[in-house]
Amino acid sequence: MLQCLALATGIVGLAVSNLFAQSIYITDDRPDFSVRVNGVDLNVTRDATGLSCPPACIQPLVSVPGVVTVGELEVLSFIEMQVAKGHGLIIDVRSPDAFQRQTLPGAVNVPQATLSVNNPYREDLLSALAVTDGSDFSAAFDLLVFSDGPDSPDAVQAVRDLVGAGYPPSKLRYYRGGLMVWRVLGLSTAHGG
Amino acid sequence: MIRMVLYAVGFISVTLLLILFQPGSRPTIFKDEFSNVAQTTQGPETSNMRVGEGAAQDAAVKPLIERAVQEALLTVVQSKLSPIAGQGLQADPLSNVPVDEEVTLLPKELVVGSAQRGRSEQLDLDDRALRQLTWETMSSLNVATGKSKAPGEPGSLLATIVRRSMGGTGLPSGEGDAQDSGIYVVQPGDSLISISMAIYGNVEMIGALFNANNDHIADPDSLKVGQTLVLPDR
């Protein structure tokens with residue numbers, strides 16, 4: 001009887017300890033980061049209200065080898081050089097609702113789901129990006145892809161899908177900061193559509 | 001004695017089941033009708049933990065706990081969000097960082113920001129919704145790239161419809177009810193989108209094309225080679 005009680009309390013204790021989990025993972029396989037430097041323990045955890053990783057894991061700097069990751073100044077110069085002249089497009093890969101609410105100035109909405117391999121109409125979509133016959137990318141637009149921020153997997157997945165569809169990596173750019181960093185820096189945004 | 005054992009076994013098995021399959025802990029998206037913001041819910045462990053924390057985090061925390069409280073508080077949070085990022089030094093969760101004039105701390109609304117983030121991969125899209133989404137995306141892309149005119153501008157479909165309804169363009173109406181201007185035979189590799197682009201030069205006519213051929217096309221994806229499609233007027 002005592003043994004049963006002990007076992008029961010043990011299980012309850014296990015369940016209760018679960019309640020005190022606070023931090024979210026930094027990446028899929030890394031809950032935290034700890035290292036010992038000069039005899040001192042260094043520990044980095046992540047506490048992000050309302051998020052969980054996956055899916056909101058921190059993305060690396062390089063999305064796909066060959067695709068340049070850019071910052072805000074490069075985005076501005078992209079708008080000036082490519083978008084204004086009609087050679088480039090800024091792609092917001094979030095949902096249409098998020099795009100409507102707030103987005104980068106001059107951005108167009110191409111939700112990540114439409115670029116995925118599972119979309120049977122992807123080839124038609126690529127033709128709207130000036131890809132001829134689904135495989136000729138010589139006239140295709142230069143694309144700058146962004147999403148919520150550095151912890152959004154959407155933009156990275158969209159870049160991967162585009163490269164997988166045959167888009168030349170040299171025509172793609174990944175703005176890792178996303179709308180989050182753009183707003184933090186105080187840069188002005190626009191309503192989508 | 002046997003009763004104690006049975007109770008213990010039952011209790012332990014239920015607890016283990018709950019630990020293994022934590023209902024409600026998978027992030028789910030639901031729309032808030034007031035503000036059209038997609039929100040995520042968190043598992044029981046995180047929401048329980050947050051109750052004990054400081055007041056500064058309450059506005060961020062409560063929406064995750066109860067939906068009713070959520071909606072009420074969302075209006076409060078929203079009213080605080082109207083000043084754009086840059087008014088950084090309000091009550092922020094990073095309170096253990098020494099406040100320094102030169103350091104701009106993350107404004108609270110951006111840490112809360114998960115409620116504002118649109119996560120498109122969580123959209124549950126079936127084939128029809130995905131098709132609709134692709135068409136709309138293509139339409140907006142074509143307008144953005146100048147391939148087709150924005151609605152209302154001369155040359156756009158809307159402008160044509162308005163002109164027609166005002167009796168502007170005298171279209172031939174003496175060819176029976178169909179009012180069609182031709183027939184198209186489906187070739188291998190055609191889809192409604194490619195046919196629409198080839199004949200009309202835009203994707204807005206897909207709907208009209210499908211409607212005009214509703215009697216022999218059940219589904220926009222089921223075009224067969226050799227089928228004849230009635231081409232409606234622009």
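This is a tour of a predicted model, taken chain by chain with stops at selected residues.

**Chain A, overall**

Start by selecting chain A and colouring by secondary structure. Seven helices and seven strands appear, and from the N terminus they run α-β-β-β-α-β-α-β-α-α-β-α-β-α. Chain A has 193 residues, of which 47% count as buried. Of the contacts within chain A between residues at least 6 apart in sequence, 65% join residues at least 24 apart. Switch on the surface of chain A: about 9,200 Å² is exposed, with 59% of it supplied by carbon and sulfur atoms.

**The largest nonpolar core**

Next, select Leu143(A) and Tyr167(A). Within the largest nonpolar core, which has 45 residues, these two touch the most other members. Helix α6 of chain A, residues 153–164, gives this core its largest share, five residues.

Centre on Leu143(A) and show what surrounds it. Setting aside residues up to four places away in sequence, Leu143(A) touches Phe78(A), Leu89(A), Ile91(A), Leu129(A), Leu162(A), Tyr167(A), Lys171(A), Leu172(A) and Arg173(A). A further core of twelve residues lies apart from the largest one; to find it, select Ile90(A), Phe99(A), Phe146(A) and Leu179(A), which are among its members.

**Tyr167(A)**

Move to Tyr167(A), in the loop between α6 and β7 (172–175) of chain A. Is Tyr167(A) buried or exposed? Its relative accessibility is 1%, so Tyr167(A) counts as buried, the cut-off being under 20%.

Show the contacts of Tyr167(A), leaving out neighbours within four places in sequence. They are Leu126(A), Leu129(A), Val131(A), Phe137(A), Ala140(A), Phe141(A), Leu143(A), Leu162(A) and Leu172(A). With Phe141(A) there is also a polar contact to pick out: the side chain of Tyr167(A) reaches the backbone oxygen of Phe141(A) at 2.6 Å. For a distance across the fold, pick the C-alpha atoms of Tyr167(A) and Asp142(A): they are separated by 9.7 Å, although the two residues are 25 apart along the chain.

**The disulfide**

Now select Cys53(A) and Cys57(A) and show them as sticks. A disulfide joins the two, with an S to S distance of 2.0 Å. A search over all chains of the structure finds one disulfide. Look along the S-S bond: the torsion about it is about 95°, so the disulfide is right-handed. Both ends are covered, Cys53(A) being buried with a relative accessible area of 8% and Cys57(A) being buried with 4%.

**Chain B, overall**

Switch to chain B, which has nine helices and four strands. Followed from the N terminus, the elements run α-β-β-α-α-α-α-α-α-β-α-α-β. Chain B has 234 residues, and 35% of them count as buried. Of its contacts between residues at least 6 apart in sequence, 51% join residues at least 24 apart. The surface of chain B exposes about 13,700 Å², and carbon and sulfur atoms supply 59% of that.

**Helix α6 of chain B**

The last stop is helix α6 of chain B, residues 127–145. At 1.5 Å a residue, its 19 residues should span 27 Å, and the end C-alpha atoms are 26 Å apart, which agrees.

Which residues of α6(B) are buried? Select Leu130(B), Arg131(B), Leu133(B), Thr134(B), Trp135(B), Thr137(B), Met138(B), Ser139(B), Leu141(B) and Asn142(B) to see them. Finish at Gly146(B), which follows α6(B) and has a positive phi, near 85°.

Methods: Residues numbered from 1 in each chain as written. Chains lettered and ligands numbered in written order. Predicted model: local features only at pLDDT ≥ 70, side-chain atom pairs only at ≥ 80, totals over all residues. Heavy atoms only, no water. Core = buried A, V, L, I, M, F, W, Y, C linked by side-chain atoms within 4.5 Å. Buried < 20%, exposed > 50% of the residue type's maximum accessible area, 1.4 Å probe, protein only. Helix = DSSP H or I, 4+ residues; strand = E, 2+ residues; numbered from the N terminus. Contact = heavy atoms within 4.5 Å. Expected span 1.5 Å × (residues − 1). Disulfide = S-S within 2.5 Å. Polar contact = N/O pair within 3.5 Å; in protein donor to acceptor, adjacent residues only side chain to side chain. Areas by Shrake-Rupley, 256 points an atom, 1.4 Å probe, with all protein chains shown as cover.
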